[in-house]
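Student: Could you take me through one helix packing in this protein, up close? I'd like the geometry and who touches whom, plus a bit of context.

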Amino acid sequence: MTHRESVGRGDRVAGSVVGSAAGDALGAPFEFGPAGVFAARFPDGVGTLCGGGGWDPGEATDDTQMAVLVGESLLERGGPDLPDMFDRFRRWAAGGPKDIGLQTEDVLTNGEPWYLAAALHFQLNGRAAGNGSLMRAATSAVYFAHTGRPATMEAARRIAALTHGDRAAWEGTAVLHELIRVALTGHNPLAAVPGALAEVHTDHRSRWAAVLAPDWHPGLATEFNGAVWPCLGTALWALRTTDTFERALAAAVDVGGDTDTVAAVTGGLAGAVYGIEAVPDRWTRTLHVPLPGYGDRRLATGDLITLAARLDAEGPRAT
Ligand SMILES: [Mg+2]
């Protein structure tokens, strides 16, 4: 990671939201592919949002679609209105998105109320530590960033719990919110890992500490990266071992597996570090976010920048 002190907060805020969407669209065509697939497609390292696998060039997937729903709910309701957020998710799921996580789909379509749906799913299945709450974190991370560490992490847990009953997912999503918060201030998010871990629930701390350690790499993963632990671990590894926004995302996609989500998480963090100027124009020109369930709505990069700026301006302040 290269530290860029000169990047302003507005550029970081836009970088996080757009960066996450760009990573999502970059990785989507390679989902469930093998390692090395990105480098094979783009041997010169200059990747494009090429589309494929059912995705149009520049099209962002469920990761960004849900992040937009979270962000718009926060702005329109003036704060975290969890039933409203859940309703928006359900309307979107009923709108037939091209992709939706298995666990998220089950929770949003099981007919249970917002406060029970995810918990019941976890009770019945015993496994709910997918990366589906991590993938949509950029918007809420920007919104809550001014409230400081404990409040940001607590808000992240509550939003994660809407679709994920496993506390492992809450804690990982909380850590990502905190690292983005630190990056938005211009400080090094990698140096903020110990502070974030100190706030993680004690039952989950050692497992998170393992994948967030400075010497961890994707080769050490003990689960598929559709799980929350290696997904965030890989994003940090990609940021740590590269020196530009674009190289961080290429590294994330090249790991293979759940490439859109790993790159979305990496992009949310790397965008906050490097700022919107580091996101290549050839990506932002074609980037777009359809919103199934919401008519013909489709956000372009400019809309995401506006959304990010509003989230930063209208989010709650520390009391
Ligand atoms: Mg996706």
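Tutor: Let's start with the whole chain and then zoom in on one helix pair. Keep in mind that this is a predicted model. Overall, the protein has 16 helices and 2 strands, and its C-alpha atoms fit a box of roughly 50 × 45 × 40 Å along the principal axes. Of its 319 residues, 60% are buried. If you take contacts between residues at least 6 apart in sequence, 73% of them link residues at least 24 apart.

Now for the pair, α1 and α13. Two packed helices are described by the angle between their axes and the distance between the axes. Here α1 covers residues 9-27 and α13 covers residues 245-254; the angle is about 40° and the axes lie 10 Å apart. Angles under 35 degrees would count as roughly parallel and 65 to 115 as roughly perpendicular, so α1 and α13 come out as oblique to each other. Their crossing is right-handed. On the α1 side, the contact is made by Gly-19, Ala-22, Gly-23, Leu-26 and Gly-27, while α13 brings Phe-245, Leu-249 and Val-253. Sorted by type, the residues of this contact are 5 nonpolar and 3 polar, with no charged ones.

For a single-residue view elsewhere, try Ser-73, which sits in helix α3 (residues 62-77). Ser-73 has a relative accessibility of 0%, so it counts as buried. Leaving out residues up to four places away in sequence, Ser-73 touches Gly-78, Gly-79, Asp-81, Asp-84, Met-85 and Arg-88.

Methods
Residues are numbered from 1 along each chain as its sequence is written. This is a predicted model: local features need pLDDT of at least 70, side-chain atom pairs count only at pLDDT 80 or more; totals for chains, interfaces and linings use all residues. Side-chain values use heavy atoms; hydrogens and water are left out. Axes are lines fitted to C-alpha atoms, for helices over the stretch in contact, and angles run from 0 to 180 degrees between N-to-C directions. Helices (H or I, at least four residues) and strands (E, at least two) are DSSP runs, numbered from the N terminus. Angles under 35 degrees count as roughly parallel, over 145 as roughly antiparallel, 65 to 115 as roughly perpendicular and the rest as oblique. A crossing is left-handed if the near helix is turned anticlockwise from the far one by less than a right angle, and right-handed if clockwise. Contact means heavy atoms within 4.5 Å. Ala, Val, Leu, Ile, Met, Phe, Trp, Tyr, Cys and Pro count as nonpolar, Asp, Glu, Lys and Arg as charged, and the others, Gly among them, as polar. Buried means under 20% relative accessible area, exposed over 50%, partly exposed in between (1.4 Å probe, protein chains only).
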